[in-house]
Each structure stands twice: as structure tokens, then as C-alpha cells.
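Good morning, everyone. Please have the viewer open and follow along with me.

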Amino acid sequence: MLGSQQEQADLAIIVRSDRPESVYPALILATTASAMGVKVEMFFTFWGLRAIVKGGAEEIERSFYEELRSRGFEPRGIPRLSDLVAMAKNAGNIRIYACSTTIEAMRISRDSIIEGCPIVGASTFLAKYARSGAKILVF
């Protein structure tokens with residue numbers, strides 16, 4: 001479960017899309033903020049949940065690279081999405097949460113979520129931020 005109000009992260013990020021232009025910036029901002037000493041909490045919901053389902057980051061990355069190549073671009077300098085997820089998951093000041101409602105609605109197996117990601121409802125996640133004036137980014 002989420003900690004108390006005193007343990008609130010400095011930055012909350014909600015990832016609701018599995019589009020690379022959403023998932024990559026969300027994870028890049030989270031890991032960059034983490035490197036700067038910022039506490040981050042990420043809530044993956046709807047299609048964004050795909051990024052933290054086992055094998056999902058690789059699928060998103062593969063389709064992104066294929067799209068870039070089909071448009072005449074060769075991906076360079078882009079971190080692997082699976083590496084960004086692992087960095088975020090292993091950072092001491094980033095917490096990743098999976099949306100319980102989405103898991104139930106989409107019939108996603110709880111075992112398919114990458115390890116170390118608590119499964120919580122939106123109200124549990126938002127309760128910490130609704131009245132606090134905290135920074136929340138939505139992708």
C-alpha cells in the first residue's frame with residue numbers, strides 16, 4: 001500500500017497510454033528526477049499498464065523501432081524501454097504501482113505484472129495527491 005501523507009513523493013506520474021511518445025517520456029522524466037534526488041511515484045493504468053506487464057516493454061519498443069525505420073529513421077541514442085522500466089523499478093526513490101481496476105477490467109493476470117509493483121486502486125493512489133498541491137504529470 002501507499003505510505004502516509006508524510007511519505008508523499010515529490011512527483012506523481014500517471015501513465016495511461018502504451019504509445020511510445022507517452023511511455024518513454026514518463027520513464028525518462030521519472031528516472032531523471034530520481035537521479036536528481038526527487039521521490040517519484042508512477043501509476044500505470046489502462047493501456048499504460050502494458051509497459052509493466054512482463055514482456056510488454058519489449059513489445060512497445062519493438063513496434064516503436066519498426067515505426068521509426070518505416071519512416072526512414074534509424075533509432076540512435078534512445079534507451080531501451082525495458083532498461084528504463086528496470087531502472088525505475090530498482091531506483092530507491094521511485095515506486096511503480098499497477099491499477100487494480102484496469103487489471104480486473106482487462107482480465108490481466110496479477111502474476112503478469114513485473115515483480116515489485118504493488119497493485120492499488122486509483123483512489124488509493126490519488127488520496128495522497130488530491131488536496132496536496134503536488135505535481136502530477138499524466139501521459
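**A walk through the model**

Let me start with two residues. Y24 is buried, and F64 is buried too. Keep in mind that this is a predicted model. We will come back to those two rings shortly.

First, the sheet. It is open, and it has five strands. Read the order with me: β4-β3-β2-β1-β5. The pairing is parallel. In general, strands of a sheet pair through backbone hydrogen bonds, either parallel or antiparallel.

Which strands stand at the edges? They are β4, residues 119-120, and β5, residues 135-138. Each has a single partner strand, so one side of each is left without a neighbour in the sheet.

Zoom in on β3 and β4. Two bridges join them, and the strands run parallel. One residue to find here is C99, whose bridge partner in β4 is V120.

Now the helices. Helix α1 lies across β1, β2, β3 and β5. Its direction is at about 160° to β2.

Next, α3. Which of its residues are buried? They are L81, S82, L84, V85 and A88. These residues cover an arc of only 160° around the axis, which puts them on the same side of α3. What do they pack against? The buried residues of α3 pack against α1, α2 and β3.

Back to the rings. How many aromatic pairs does a search of the whole structure find? It finds four. Take Y24 and F64. Their ring centres are 5.3 Å apart and their planes are at 45°, so this pair is tilted. Y24 sits in helix α1, residues 20-35, and F64 in helix α2, residues 56-70. The pair therefore ties together parts that are 40 residues apart in sequence.

Here is another pair: F43 with F125. This one is stacked, with 4.8 Å from centre to centre and 20° between the planes. It also links distant parts of the chain. F43 is in strand β2, residues 40-44, while F125 is in helix α5, residues 122-127. In sequence they are 82 residues apart. Are they buried or exposed? Both F43 and F125 are buried.

One more point on rings. Y24 and F64 also belong to a cluster with Y65, linked by ring pairs.

Last stop: N93. Where is N93? Look in the loop between α3, residues 81-90, and β3, residues 94-99. Beyond residues up to four places away in sequence, N93 touches S34, G37, V38, K39 and V40.

Take V38 first. N93 and V38 are 55 residues apart in sequence. In space, their C-alpha atoms are 7.1 Å apart. The N93 side chain also reaches the backbone oxygen of V38, at 3.0 Å.

Now S34. This residue lies in helix α1. Its side chain and that of N93 are joined by a polar contact of 2.4 Å. Is S34 buried or exposed? Its relative accessibility is 14%, so S34 counts as buried. The cut-off for buried is under 20%. Apart from neighbours within four places in sequence, S34 is in contact with V40, A91, N93 and I94.

To recap, keep two pictures. The sheet has five strands with parallel pairing. And N93, in its loop, makes a side-chain polar contact with S34. Thanks, and over to you for questions.

Technical notes. Residues are numbered from 1 along each chain as its sequence is written. This is a predicted model: local features need pLDDT of at least 70, side-chain atom pairs count only at pLDDT 80 or more; totals for chains, interfaces and linings use all residues. Side-chain values use heavy atoms; hydrogens and water are left out. Rings of Phe, Tyr and Trp (its six-membered ring) pair if their centres lie within 6.5 Å; planes under 30 degrees apart count as stacked, over 60 as edge-to-face and the rest as tilted. Helices (H or I, at least four residues) and strands (E, at least two) are DSSP runs, numbered from the N terminus. Buried means under 20% relative accessible area, exposed over 50%, partly exposed in between (1.4 Å probe, protein chains only). Contact means heavy atoms within 4.5 Å. A polar contact is a pair of N or O atoms within 3.5 Å; within protein, one must be able to donate a hydrogen and the other to accept it, and residues adjacent in sequence count only if both atoms are side-chain atoms. The arc is that of the directions from the helix axis to the C-beta atoms. Two strands pair if DSSP finds at least two bridges between them. Axes are lines fitted to C-alpha atoms, for helices over the stretch in contact, and angles run from 0 to 180 degrees between N-to-C directions.
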